[in-house]
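Before reading on, please have the model open beside this note, as each point refers to places that can be checked by eye.

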Amino acid sequence: MEDNIYKTNVEMKPKRSFSRGFRFLLRLGIFLTGCMSLSAVCFVGWGISDRIWQEIGACQFGRMLVLYGCIVCCFVFLVKIEINKTIFSRLLVRCIRIIGGIVTAASVVLPRLSGYKDSGFTIMSYGSFTLIDGWILMIGVLLLIFAGIIKEGFSMQNELDEVL
């Protein structure tokens with residue numbers, strides 16, 4: 001029997017790692033959004049039980065709920081990025097869609113709450129009635145568009161990973 005003269009050269013893919021600057025920013029983002037998420041839970045709990053919206057106004061309370069909801073979603077996907085060491089994931093797409101949905105819904109709900117002040121860009125307003133706040137709607141729609149772009153990038157990354 002002849003000796004096997006063919007040698008295979010198997011190269012292992014190097015483990016993905018982020019640059020030191022990005023790792024620092026990612027961990028700082030996780031720390032800050034984690035602290036804000038903790039304060040969000042306290043704010044919502046105490047705010048509802050103490051009826052804080054009567055003091056600061058229902059619209060301001062609603063804006064803070066929207067902001068805290070977005071920050072909690074950001075905290076979740078930043079932690080996911082740190083754990084998996086990949087930036088694009090289904091969770092990232094879902095979180096950005098959730099944030100876009102929250103902001104888009106807020107553009108319709110916030111103008112109906114007491115204490116709402118006109119932003120200057122409204123859709124269908126008559127007197128003190130405003131159907132949709134245009135600035136908030138624009139931000140929500142842009143976030144939903146970015147979620148679609150990130151979803152396509154994630155799909156391309158998966159196809160490339162399957163080929164390689």
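**Notes on the predicted model**

1. By the rule used here, in which rings of Phe, Tyr and Trp (its six-membered ring) pair if their centres lie within 6.5 Å, the count comes to three aromatic pairs. One of them joins Phe18 and Phe22, whose ring centres are 4.9 Å apart and whose planes meet at 65 degrees, an edge-to-face arrangement (planes under 30 degrees apart count as stacked, over 60 as edge-to-face and the rest as tilted). Phe43, Phe61 and Tyr68 form one aromatic cluster.

2. This is a predicted model, in which local features need pLDDT of at least 70 and side-chain atom pairs count only at pLDDT 80 or more, while totals for chains, interfaces and linings use all residues. Residues are numbered from 1 along each chain as its sequence is written, and side-chain values use heavy atoms, with hydrogens and water left out.

3. The two partners of the edge-to-face pair fall into separate accessibility classes: Phe18 is buried, at 15% relative accessible area, whereas Phe22 is partly exposed, at 32% (buried means under 20%, exposed over 50%, and partly exposed in between, with a 1.4 Å probe and protein chains only).

4. The protein has five helices and two strands, which follow one another from the N terminus as α-α-α-α-β-β-α; helices (H or I, at least four residues) and strands (E, at least two) are DSSP runs, numbered from the N terminus.

5. With a radius of gyration of 23 Å, the protein departs from the value near 15 Å that a compact globule of 164 residues would have (taken over C-alpha atoms, with the globule rule being 2.2 Å times the number of residues to the power 0.38). The C-alpha trace spans about 95 × 35 × 25 Å along its principal axes, and 29% of the 164 residues count as buried.

6. Ser89 lies in the loop between helix 3 (58-84) and helix 4 and is buried, with a relative accessible area of 10%. Leaving aside residues up to four places away in sequence, Ser89 touches Lys80 and Phe154, where contact means heavy atoms within 4.5 Å.

7. Phe121, in the loop between helix 4 (90-109) and strand 1 (122-126), is partly exposed at 35% relative accessible area. Phe121 belongs to a nonpolar surface patch that also includes Trp135, Met138 and Val141, and the patch has about 730 Å² of accessible area together. Accessible areas come from the Shrake-Rupley method with a 1.4 Å probe, and for residues only the protein chains shown count as cover. Patches are made of residues with over 30% relative accessible area and no salt bridge (a side-chain nitrogen of Lys or Arg within 4 Å of a carboxyl oxygen of Asp or Glu), with like charges joined within 9 Å and nonpolar side chains (Val, Leu, Ile, Met, Phe, Trp, Tyr) within 5 Å.
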